[in-house]
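Colleague: I have a few questions about this protein before I go back to the bench. Can you take me through the model?

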Amino acid sequence: MRDMTSSSEGMQQAILAGGCFWCTEAVLKDVRGVQKIESGYIGGHTPNPDYRSVCSGATGHAEAVRVTFDPAQVSYKDLLGLFFATHDPTSLNRQGADVGTQYRSAVFPLTPEQEAQTREVIADLTVQDVFGKPIVTTVEPASEFFVAEDYHQNYYENNPRQPYCMAVIAPKVSKMRQYYSDRLRA
């Protein structure tokens, strides 16, 4: 795995798994400061996983996104806040109709600082009882991130009329635009 947590341009990366990577990518894509999002797989034991093998649930990988962002425009903690607000972190190995460990809610910190901030955000949300149920989001060691097949990249943007996109992703994007418009690019 190439360490891309920071670069000479000051960019950082975060890896987040909030169920279907199409959803997570779509809701975070237009956040001010997000420079790039890649859908992919992380946290499993099978080398070079592909969509079919990950969907089987046998590889141990989660569908996740790798977000490259400018911390001068959006902080890691702000990304975490948006991540938690736009998926259900109380459902174990499930997001809506997507069921299995590949759809788990997980954060894969790339630095000790990211791990500390992730645990702090989860603790704060728990104390505030924001979701009314226990948060089951795991904090897992970052392993190799495998970029998903090309047709998974920008999936919602490229397939807005696909039934899954219309029924599942569009409402999440709409919620993001309605409640977090101040965080989006102009």
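What follows is a short exchange on cysteines, a helix and one arginine.

Modeller: Keep in mind that this is a predicted model.

Colleague: Which residue does UniProt list for "active site"?

Modeller: The UniProt record, an unreviewed entry, also places a domain, "Peptide methionine sulphoxide reductase MsrA", at residues 13-165. The "active site" entry is likewise unreviewed, and the residue it lists is Cys 20.

Colleague: Where is Cys 20, and is it buried or exposed?

Modeller: Cys 20 sits in the loop between β1 (12-18) and α1. Leaving out residues up to four places away in sequence, it touches Glu 63, Asp 98, Tyr 103 and Tyr 164. Its relative accessible area is 5%. Buried means under 20%, so Cys 20 is buried.

Colleague: How many disulfides does the structure hold?

Modeller: A disulfide is a covalent bond between the sulfur atoms of two cysteines. In this work the two sulfurs must lie within 2.5 Å. For Cys 20, the nearest cysteine sulfur is that of Cys 23, 4.3 Å away, and Cys 20 is in no disulfide. The count for the structure is 0.

Colleague: Why is Cys 55 not bonded to Cys 20?

Modeller: Cys 55 is partly exposed, at 28% relative accessibility. Its closest cysteine sulfur is in Cys 20. That is too far for a bond, because the gap is 8.9 Å.

Colleague: What span should helix α6 have, and how far apart are its end C-alpha atoms?

Modeller: Helix α6 covers residues 163-179, which is 17 residues. At 1.5 Å a residue, the expected span is 24 Å. The end C-alpha atoms agree with that, at 24 Å.

Colleague: Where does α6 bend?

Modeller: The bend is about 40°. A proline, Pro 171, follows within four residues of the bend. The bend is at Ile 169.

Colleague: Which residue caps the N-terminal end of α6?

Modeller: Look at the backbone nitrogen of Tyr 164. A side-chain oxygen lies 2.7 Å from it. The capping residue is Gln 162.

Colleague: Which residues of α6 are buried?

Modeller: Their cover includes α1 (21-28), α3 (76-85), β4 (94-95) and α5 (155-158). The buried residues are Cys 165, Ile 169, Lys 172, Val 173 and Met 176.

Colleague: Is Arg 66 buried or exposed?

Modeller: Arg 66 is in strand β3 (residues 62-69). Beyond its neighbours within four places in sequence, its contacts include Lys 36, Glu 38 and Phe 145. Its relative accessible area is 13%. The cut-off is under 20%, so Arg 66 is buried.

Terms used. Residues numbered from 1 in each chain as written. Predicted model: local features only at pLDDT ≥ 70, side-chain atom pairs only at ≥ 80, totals over all residues. Heavy atoms only, no water. Helix = DSSP H or I, 4+ residues; strand = E, 2+ residues; numbered from the N terminus. Buried < 20%, exposed > 50% of the residue type's maximum accessible area, 1.4 Å probe, protein only. Contact = heavy atoms within 4.5 Å. Expected span 1.5 Å × (residues − 1). Bend = angle between axes of the 7 residues up to and from the residue. Polar contact = N/O pair within 3.5 Å; in protein donor to acceptor, adjacent residues only side chain to side chain. UniProt positions renumbered as here; feature names shortened; annotations may be inferred.
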